4 protein chains.
Amino acid sequence: MVELDLVVKNGTVVTAADEFVADVGVYDGKVASIASDVSAGPDTQVVEAKGNYVFPGGIDVHVHFQLPFSGTVSADDFENGTKAAACGGVTTVLDFAIQTKGSSIMDAVEARRAEADPKVCIDYGLHAAITDWNAQTQAEIRQVIDYGIPTFKMFMIYKDEGWMADDGMLFSALEETAKLGGHIGVHAESVFVLDMLVERYAQEKEKWGAYAHTLSRPCYTEEEAVIRAIKWAEATGGQLYIVHMSTGEAAEAVHAAKERGVRVFAETCPQYLLLDDEVFKGENGHLYATCPQIKKPHDSERLWQGLFNGDVQIVATDTCTFTTEQKAAWNGDFRKIPFGMPGVETMVPLMYTEGVGKRGLAVNQLVTLTSTNPAKLFGMYPEKGTIAVGSDADLVVFDPKKKVTLRASDLQTNCDWSPFEGWKLVGYPSVTISRGRVVAKDGKFVGDVGHGRFLKRRPFGKL
Amino acid sequence: MVELDLVVKNGTVVTAADEFVADVGVYDGKVASIASDVSAGPDTQVVEAKGNYVFPGGIDVHVHFQLPFSGTVSADDFENGTKAAACGGVTTVLDFAIQTKGSSIMDAVEARRAEADPKVCIDYGLHAAITDWNAQTQAEIRQVIDYGIPTFKMFMIYKDEGWMADDGMLFSALEETAKLGGHIGVHAESVFVLDMLVERYAQEKEKWGAYAHTLSRPCYTEEEAVIRAIKWAEATGGQLYIVHMSTGEAAEAVHAAKERGVRVFAETCPQYLLLDDEVFKGENGHLYATCPQIKKPHDSERLWQGLFNGDVQIVATDTCTFTTEQKAAWNGDFRKIPFGMPGVETMVPLMYTEGVGKRGLAVNQLVTLTSTNPAKLFGMYPEKGTIAVGSDADLVVFDPKKKVTLRASDLQTNCDWSPFEGWKLVGYPSVTISRGRVVAKDGKFVGDVGHGRFLKRRPFGKL
Amino acid sequence: MVELDLVVKNGTVVTAADEFVADVGVYDGKVASIASDVSAGPDTQVVEAKGNYVFPGGIDVHVHFQLPFSGTVSADDFENGTKAAACGGVTTVLDFAIQTKGSSIMDAVEARRAEADPKVCIDYGLHAAITDWNAQTQAEIRQVIDYGIPTFKMFMIYKDEGWMADDGMLFSALEETAKLGGHIGVHAESVFVLDMLVERYAQEKEKWGAYAHTLSRPCYTEEEAVIRAIKWAEATGGQLYIVHMSTGEAAEAVHAAKERGVRVFAETCPQYLLLDDEVFKGENGHLYATCPQIKKPHDSERLWQGLFNGDVQIVATDTCTFTTEQKAAWNGDFRKIPFGMPGVETMVPLMYTEGVGKRGLAVNQLVTLTSTNPAKLFGMYPEKGTIAVGSDADLVVFDPKKKVTLRASDLQTNCDWSPFEGWKLVGYPSVTISRGRVVAKDGKFVGDVGHGRFLKRRPFGKL
Amino acid sequence: MVELDLVVKNGTVVTAADEFVADVGVYDGKVASIASDVSAGPDTQVVEAKGNYVFPGGIDVHVHFQLPFSGTVSADDFENGTKAAACGGVTTVLDFAIQTKGSSIMDAVEARRAEADPKVCIDYGLHAAITDWNAQTQAEIRQVIDYGIPTFKMFMIYKDEGWMADDGMLFSALEETAKLGGHIGVHAESVFVLDMLVERYAQEKEKWGAYAHTLSRPCYTEEEAVIRAIKWAEATGGQLYIVHMSTGEAAEAVHAAKERGVRVFAETCPQYLLLDDEVFKGENGHLYATCPQIKKPHDSERLWQGLFNGDVQIVATDTCTFTTEQKAAWNGDFRKIPFGMPGVETMVPLMYTEGVGKRGLAVNQLVTLTSTNPAKLFGMYPEKGTIAVGSDADLVVFDPKKKVTLRASDLQTNCDWSPFEGWKLVGYPSVTISRGRVVAKDGKFVGDVGHGRFLKRRPFGKL
């Protein structure tokens, strides 16, 4: 029997189904042994985890690092963004390569890899965002999936930005990807009503300030678009993924669709679960602007219910960091706020404190929502998403008793503010391990830049 | 006691609620007396109705006379169209004034009245079709309603024709009319998916012929658009009316919306109740092309169910007559068929034979669907829509035993073909009376051109 | 033209569908003429109705006159009960003949007729309550229906009283009556849970007083029994009528059943619409005890909703009068309260004030709920239930402006208390006419004892 | 590191969530190690499992060994029944102690333990069947739960057998157990309708033979009773478990109840999933009689759907073995058939062939339905129901390629017939291990009588 590279001792191993005390032994980046007593050799690194949970590493399927947007670029690049992820117990991220209208999808993919590969500190993958649809795009879908990118994204809004897909494009893309095992993620909002309302509130922008952002995007604008996207999935047999779902109404629509057998899945984010649109009323209200925006208390409640009953299968973050300086560009016009906030670094501990600690979420469910389901649906399982013999040794030693008061200044992100500033957490990652390498300890990055690898993912992901 | 102008003797009077044998006496165009024995004076015209029903005159809220469309003009003008109506037991029609983008709504209304007023043989009203939305249009809504036109129409398709209203316009118009007691009728189809599919089938147009018309407009394109329009009605509190609803799926959507309290109403037409899209397969398949097109047997079945259970409240015809010569312009390209068919002349007898005769519809329900509900919802009740003391004497003496085989050549319409050619009917109007004047007998027009009046209708119509 | 017996002049005639000003002429007990001007001869009685409504007479399908119950007999006999009805605008009542276990149904019918026929002051009919089921009972069903009694009643409770029908009996009776056009009315409560709870609260009877009555019969005991009875109607194809439905939960169950096509109808009563179970808390709480008892505010609200949306089709009263002296027999034990209250005399004016006046019920709906629907469903239409040529001249001249403060002492009923004591009404019957005879004026009976006739009703009643 | 007692080498370990190749090491009856290479010492027993699955042992929560019923005793006693279980890959069974009316529950428990303890070959537990309800029974609930029996059973039928619980008892028991963490399993059929129908068909028993069994118990008799039991669970907040659910209608009812938050769970059995009531038509139709009986093809289909979508959480067998000789006692009267069939021995392989092999059930779902869910819901997890470090080493080495044609004569059960005689299976247990001891090989029992232990189970089981 060979000497193990690393052993996590005495922790409470948690998978989507089970929870038990055991040692976890790692060899060559993979889990080799789960046992009541795993022998460490002289060169074996030992991580003591007594009293701690050992989770499979968190997976954030929705991040935007160094994204050019709204006239600036999001403040965490692939290097610092993945460092922040590691510090927060996330060992895999999925970012986006956005097609330029008129160009090929693969051009965007290759450009994005060139930005990311040298910098990433943990494993990462890419979704391909489709902004154009024609015979060439259609033909390219198979190539992109074969390349290891089976998940696509389409925007139902952002007409002026040149990103919007109309219903015909969305329909066609669902149809095409259905054949090849891909899925379409959608940013679902009702573009024409929303544009009309934005225009309406723009005329009173001084009166409302940042709060106009939420006034102009009522819950029904997400609901309607989700219902519509679902209808196209139903018509085509395609697989649909609702990204950053923010309303209870949309959760109901997903629920109803699943009842009748539509292949639809949904993601929500901590900001929609934990905040409400009162945040837009303060002096710094503009900082909180994301797209879609944070909604009402009843939405949070319904989204939490969705996590418990399976209507919502995945928690991700839509991380897109803009500093207070970048945000200041809005200058009182809610239409000009760079939308986005930090998130990947705080997802796991926030969901632990708020979900497991306060709302009775089982730790198995936490793992399911932030690791196993993402891995399965996005074609990375069983390498990612569980702790099993043969899986990648992406592990998080999580101290359920550790008390942390969140401060932007303490975090790895380049962002100088946090939507959860001052929140008191009980439970925090103490050690993060990526393919057998310790990459973060007590919230500080200790790994190597470039350690991460691009993940070639498989099609036909499902739950 | 004054001498009556006309007495209908011994008929079986039918209203939305009751059915009883009585004489109906008319004075000065209005019903003066309903009694077991009404005295006729020497100058009183007597219409014997023993063994016949006496219905309130039919109301067809959806006709397009002399409509410029698809490079031609629909073949029945206001004169012949209203003659045909009278022959078929219809004493009121509602046509449309379609705004020209950039011009005022009232311009269109006045132009349409100039065409109609001198010609109409029975009473008529107009809906205003809104194709543009801006501050001026919004301001004009009140004026149009005050003028006697509280019902508007918006097209969710016909982008290239310049008629389409996007969701923002529809939302705004629902919002505005809600305040003033108006309602918005919608032609509901999913424009972007539909345009994509039309384009797709256009590439195989020789292969499919007229059947491509139905292939390119699957049921879900109506369903989705109806769901979307309902959502805007729900969001705004506006009143929505689904014109020419052709699918069971849309009927389900209306049902669900009514369950949750949305102010939505729906109309269907005989062609959707009685035909299915096999008609597009024959040599003359192109004749049957309407928009939306005739759907599947399950749709007919669900629409009939809707008539029985109240999901569908109104039967109208979408009459828009094109002759075989006009239809021939398609020349094998399904995109170029002038959409439309005759209908106003056969609505009442078809619904009697197929509804009352074959499917157990009560005669009260027939009257409700083709007269009382249209009158109430469109602001014409109680002048129209019932037989009551003081109401307009718009009456149809209907012989329930009369056997008629439908032939285009026997009908008043200028159309040289009929979608129901050769259908055998049992039950047909024998006398039609408009405001106390006999205008048709045994299917032949005997009234005067110009007898009809423009109806100033009231807002806040409901059922 | 013969001279009319009576003319109601200038009133606003209301039917289920229409409302219009007209004179109503009566000859030989029937409506002969409805016209703008009906001539009165020298011997014609003229009732002036200007500014008043003319309704078809109210029909109360649920009364218990001179009912032996709980060791006493209900205080209004057929004479005084029908006088009270007439005073309140009710011209038809349906009472019950309750089979004695082991005896024939017809025995009970004949006994009941012997009690009623000489006394009734308005027309009346009987339901047959089945308490036994065997081959003989089954065989008798046809005879009872042929006799003119197509509507039966079964009690799902009252085990100790010998009235209870178990599920097997109910199933069999639904099955049998379905063939012959009868229907089964049910008193629906869950007997075994209810008996257990009554026993439980009996142990604390001093603590709770009359309030124990409501504690021991939670809403779900009605809901469950209604769901169960509906299931048997669904299984057998039988027609079911839920008498005195008192909960919102049961209304939901009826709604759901109707959605899936079950032949189920429901009645509620003013006490369930207008009172709530706080009434049981006062010193005179025991007076209000009926069975089922008055429920919660949310139940009233849902029942009102049911009247508006068609879930509940009939309003009746379950009149079963017990005086304060009779009620005093309870002596602190809620199990011994004689259940019942007065009602037939106040139904129409209460529903007018509370429904039409306060909640926006259309007068047509009022007529539908209290006259037309009862007549149609119970096989009395069109003689009863409408104002049409040839119908019985059962008419109520109703003054919508008359202000009345309800006082038991002012009413015709023998009851010395009223559940609505002191309620202020706006709108009250001024004249009640039974088959052309004025029987009440301004709340005072002016007719003849014995004027009423037993109604031979028809099977296959429906709405 | 101590020497292991047993190692299962190279198998594919399957849990509710994961599947991976690993060795499983056992020490002192428990799983000690799961690793890519587990060292076996000289005294370690090695079970080679290459190419085989390693499942957590099957758990059958519904067996009736040596049950006195219908004048005879079921043919498999605790010894042979548990041997049969072991041969079929089941390592835990739950049987019943049925209270004698008037006696204490604990008396029945102790009597049953005296029968079982000396004989059982694998671990077992007991449910307590409550047939009586009074203050003493109520008081005893806590004692029974503390003893290790948190799950109770009540029969909604079997009135004459003295087993029936009426709704009041069921309500009370749900209420009481809710407080203490127990649950109530119900045999749900509508007793009064069922008894009436049995009587009806008894009059034609020669005509129908065994088929009268199914005629007299239509699907709605289960549906109604399930709905009713659910209502009491909802009213009390109690936890309800539907045993041997046999209809699609009941599955719908459970689905609806779960949607509104009722704590209800459901079990079905292979006979309901794989057979339909055509079986009662043959000469040996009576053999198949169970209670409830096998239903219609649409029921099987809906129950399979329930296994896939979570409406049905557990598969068990209701094993109650009667030989052809015992069954012959019916003598043509369907009311006298001893109800029951063998099952525990074939559950796992049948569900594998029919579920995993033919219907696309994931092996994880198979394990969930037949092991993990039973363990969790019935208070035995994590000792039972998974393969995790520290869990009982109850393991099944399952050969997915082994072809077996089922023959009663080849099975361990004492039954001389099988409902699945001649069925061809692909996949069968090759080795069954109970707490680290090999107890069956290739379908033959190789363990020790009395090896099994009584399981003291915990309350508050849930999924």
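**Entry 1: who touches whom**

I started with chain B and chain D and found no contact joining them; their closest C-alpha atoms lie 18 Å apart. I am working on a predicted model throughout. Next I tried chain A and chain C, and no contact joins these either, with the closest C-alpha atoms 18 Å apart.

Then I looked up the pairs that do meet. Between chain A and chain B, 20 residues of chain A are in contact with 20 residues of chain B. Between chain B and chain C, I get 23 residues of chain B in contact with 23 residues of chain C.

**Entry 2: the A/B interface**

How much area do chain A and chain B bury between them? I noted about 1,800 Å², with 73% of it on carbon and sulfur atoms. On the chain A side I asked which three residues supply more than any other three. They are Phe192(A), Tyr220(A) and Lys231(A), which supply 28% of the area that chain A buries against chain B.

I also looked for charge pairs here. The count between chain A and chain B is six salt bridges. I wrote down Glu223(A), which forms a salt bridge with Lys231(B), the closest N and O atoms being 2.9 Å apart.

**Entry 3: the B/C interface**

I repeated the area lookup for chain B and chain C. The buried area comes to about 1,700 Å², and carbon and sulfur atoms give 48% of it. How many salt bridges are there between chain B and chain C? I find zero.

**Entry 4: salt bridges overall**

Searching the whole structure, I get 140 salt bridges over all chains. I picked Lys384(A) and Asp394(A), which form a salt bridge with the closest N and O atoms 2.8 Å apart. Both Lys384(A) and Asp394(A) lie in the loop between α14 (363-377) and β16 (395-405) of chain A, so the pair ties together parts that are ten residues apart in sequence.

**Entry 5: α4 and α8 in chain C**

I moved on to helix packing. Helix α4 (residues 167-180) and helix α8 (residues 219-236) of chain C pack at an angle of about 40°, and their axes are 9 Å apart. The two helices α4(C) and α8(C) are therefore oblique to each other. The crossing of α4(C) with α8(C) is right-handed.

Which residues make this contact? From α4(C) I listed Asp167(C), Leu170(C), Phe171(C), Leu174(C) and Glu175(C). From α8(C) I listed Arg228(C), Ala229(C), Trp232(C), Ala233(C), Ala235(C) and Thr236(C). Sorted by class, the contact of α4(C) with α8(C) has seven nonpolar, one polar and three charged residues.

**Entry 6: α13 and α14 in chain C**

Still in chain C, I checked helix α13 (residues 347-359) against helix α14 (residues 363-377). Their axes come within 10 Å and cross at roughly 145°. I noted the crossing of α13(C) and α14(C) as right-handed.

On the α13(C) side the contact uses Met347(C), Met351(C), Tyr352(C) and Val356(C). On the α14(C) side it uses Val363(C), Leu366(C) and Thr370(C). By class I get six nonpolar, one polar and no charged residues for the contact of α13(C) with α14(C).

**Entry 7: α3 and α4 in chain D**

In chain D, I looked at helix α3 (residues 135-147) and helix α4 (residues 167-180). Their axes come within 10 Å and cross at roughly 40°. That makes α3(D) oblique to α4(D). The crossing of α3(D) and α4(D) is right-handed.

What does α3(D) bring to the contact with α4(D)? I have Gln138(D), Ile141(D), Arg142(D) and Ile145(D) from α3(D), meeting Glu176(D), Thr177(D) and Leu180(D) in α4(D). The class tally for α3(D) with α4(D) is three nonpolar, two polar and two charged residues.

**Entry 8: backbone oddments**

Last, I went through some backbone angles. In chain B, the peptide bond from Cys291(B) to Pro292(B) is cis, with omega near 0°. I place Pro292(B) in the loop between α10 (270-274) and α11 (297-309) of chain B.

In chain C, a cis peptide bond joins Tyr381(C) and Pro382(C), and omega is about 5°. Where is Pro382(C)? I find Pro382(C) in the loop between α14 and β16 (395-405) of chain C.

Back in chain B, I noted Ser70(B), a residue other than glycine with a positive phi, near 55°. Ser70(B) is in the loop between β7 (68-69) and β8 (72-73) of chain B.

Definitions and conventions: Residues numbered from 1 in each chain as written. Chains lettered and ligands numbered in written order. Predicted model: local features only at pLDDT ≥ 70, side-chain atom pairs only at ≥ 80, totals over all residues. Heavy atoms only, no water. Axes fitted to C-alpha atoms, helices over the stretch in contact; angles between N-to-C directions. Helix = DSSP H or I, 4+ residues; strand = E, 2+ residues; numbered from the N terminus. Parallel < 35°, antiparallel > 145°, perpendicular 65-115°, else oblique. Left-handed = near helix turned anticlockwise from the far one by under 90°. Contact = heavy atoms within 4.5 Å. Nonpolar A, V, L, I, M, F, W, Y, C, P; charged D, E, K, R; others polar. Buried area = accessible area lost by both parts, 1.4 Å probe. Salt bridge = Lys/Arg side-chain N within 4 Å of Asp/Glu carboxyl O.
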